[in-house]
Amino acid sequence: MAANETHHILPLPTFSKPVRLLIVVAPYYKDIADNLVAGARAVAAQAGATAEVIEVPGALEVPSAIATAARIADYDGFVALGCIIRGETTHYDTVCNDSSRGLMLLGLEGVAVGNGILTVENRDQAVVRADPAGQNKGGGAAAAALHLVALSRKWAGQTKGIGFLPLDETIRIAQDDKGPTRA
């Protein structure tokens with residue numbers, strides 16, 4: 001049973017320069033969303049990061065808001081928060097799958113995003129998971145974003161020499177009998 005399992009939680013990363021997080025929350029279930037945000041803010045503060053919060057109408061809008069901010073704003077990482085409780089229709093499956101897929105695609109594009117959108121069967125499960133003194137899934141999403149920010153900073157500036165300019169910075173043009181030229 002999952003309740004009897006133990007979990008290893010990585011220590012929060014440390015940073016030599018400030019970290020700015022954007023917390024994007026869908027407050028459809030306001031009390032649950034507020035707890036998720038409280039947990040995320042506390043973890044961000046614990047790591048020395050600043051966090052701004054914006055609200056969007058629903059979980060489906062969270063990935064879009066993060067994608068827009070990643071393109072045009074100056075944040076190091078993002079925390080996606082919200083709650084989807086199973087209802088009587090298949091809408092639950094659509095919202096769960098599409099919001100998760102949107103966030104995963106952002107992550108695969110290199111956006112440092114922690115996913116704290118709860119997908120639960122009932123309100124009681126959501127309350128337990130959102131509680132900052134309990135499972136603190138909002139804090140866990142902030143920690144995930146912070147770890148990804150740390151990795152992106154660690155790897156920034158490194159190159160594999162793949163692309164238009166080789167590592168040795170020589171360019172060879174097709175049908176050029178003169179040999180390589182320096183860039």
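Is Cys 96 buried or exposed? Cys 96 is buried, with a relative accessible area of 10%. That is one small detail of a predicted model, and the rest of this report walks through the chain around it.

**The chain as a whole**

Let us start with the overall layout. The secondary structure consists of five helices and six strands. Read from the N terminus, these elements follow the order β-α-β-α-β-α-β-α-α-β-β. The chain has 183 residues, and 36% of them count as buried. Its accessible surface amounts to about 11,500 Å², with 54% of that belonging to carbon and sulfur atoms. If you take the contacts between residues at least 6 apart in sequence, 74% of them join residues at least 24 apart.

**Helix H1 and its two sides**

A good place to look next is helix H1. This helix covers residues 30-46, which makes 17 residues. From its first C-alpha to its last it reaches 24 Å, close to the 24 Å expected at 1.5 Å a residue. Its buried residues are Ile 32, Ala 33, Leu 36, Val 37, Gly 39, Ala 40, Val 43 and Ala 44. Seen down the axis of H1, the buried residues fall within an arc of 160 degrees, so they line one face of the helix. The spacing fits a familiar pattern: an α-helix has 3.6 residues a turn, so residues three or four places apart point the same way. On the other side of H1, Ala 45 and Gln 46 are exposed.

What covers the buried residues of H1? The cover includes the strands E1 (20-25), E2 (50-55), E3 (77-85) and E4 (113-120), together with the helices H4 (123-130) and H5 (137-155). Just after H1 comes Gly 48, which takes a positive phi of about 80 degrees.

**Two nonpolar cores**

In soluble globular proteins, nonpolar side chains tend to be buried together. Here the largest nonpolar core has 28 residues, and among those with the most contacts inside it are Leu 21, Ile 32, Val 79, Cys 83 and Leu 146. E1, H1, E3, E4, H4 and H5 each supply at least two residues of this core. H1 gives the most, with seven residues.

Val 79 shows how such a residue is surrounded. Leaving aside neighbours within four places in sequence, Val 79 is in contact with several residues, including Leu 21, Ile 23, Ala 40, Gly 114 and Ala 142. A second, separate core has 22 residues, including Ile 66, Tyr 92, Cys 96 and Leu 106.

**Cysteines and a loop residue**

Why is Cys 83 not bonded to Cys 96? The sulfur of Cys 83 lies 9.2 Å from that of Cys 96, its closest cysteine sulfur, and this is too far for a bond. A disulfide would need the two sulfur atoms within 2.5 Å. By this rule the count is zero disulfides.

One more residue deserves a visit. Asn 136 is found in the loop between H4 and H5. Although Asn 136 is not a glycine, it has a positive phi of about 50 degrees.

The table gathers the relative accessible areas of three buried residues.

| Residue | Relative accessible area |
|---|---|
| Cys 83 | 10% |
| Cys 96 | 10% |
| Asn 136 | 18% |

Methods: Residues numbered from 1 in each chain as written. Predicted model: local features only at pLDDT ≥ 70, side-chain atom pairs only at ≥ 80, totals over all residues. Heavy atoms only, no water. Buried < 20%, exposed > 50% of the residue type's maximum accessible area, 1.4 Å probe, protein only. Helix = DSSP H or I, 4+ residues; strand = E, 2+ residues; numbered from the N terminus. Expected span 1.5 Å × (residues − 1). Arc of directions from axis to C-beta. Contact = heavy atoms within 4.5 Å. Areas by Shrake-Rupley, 256 points an atom, 1.4 Å probe, with all protein chains shown as cover. Core = buried A, V, L, I, M, F, W, Y, C linked by side-chain atoms within 4.5 Å.
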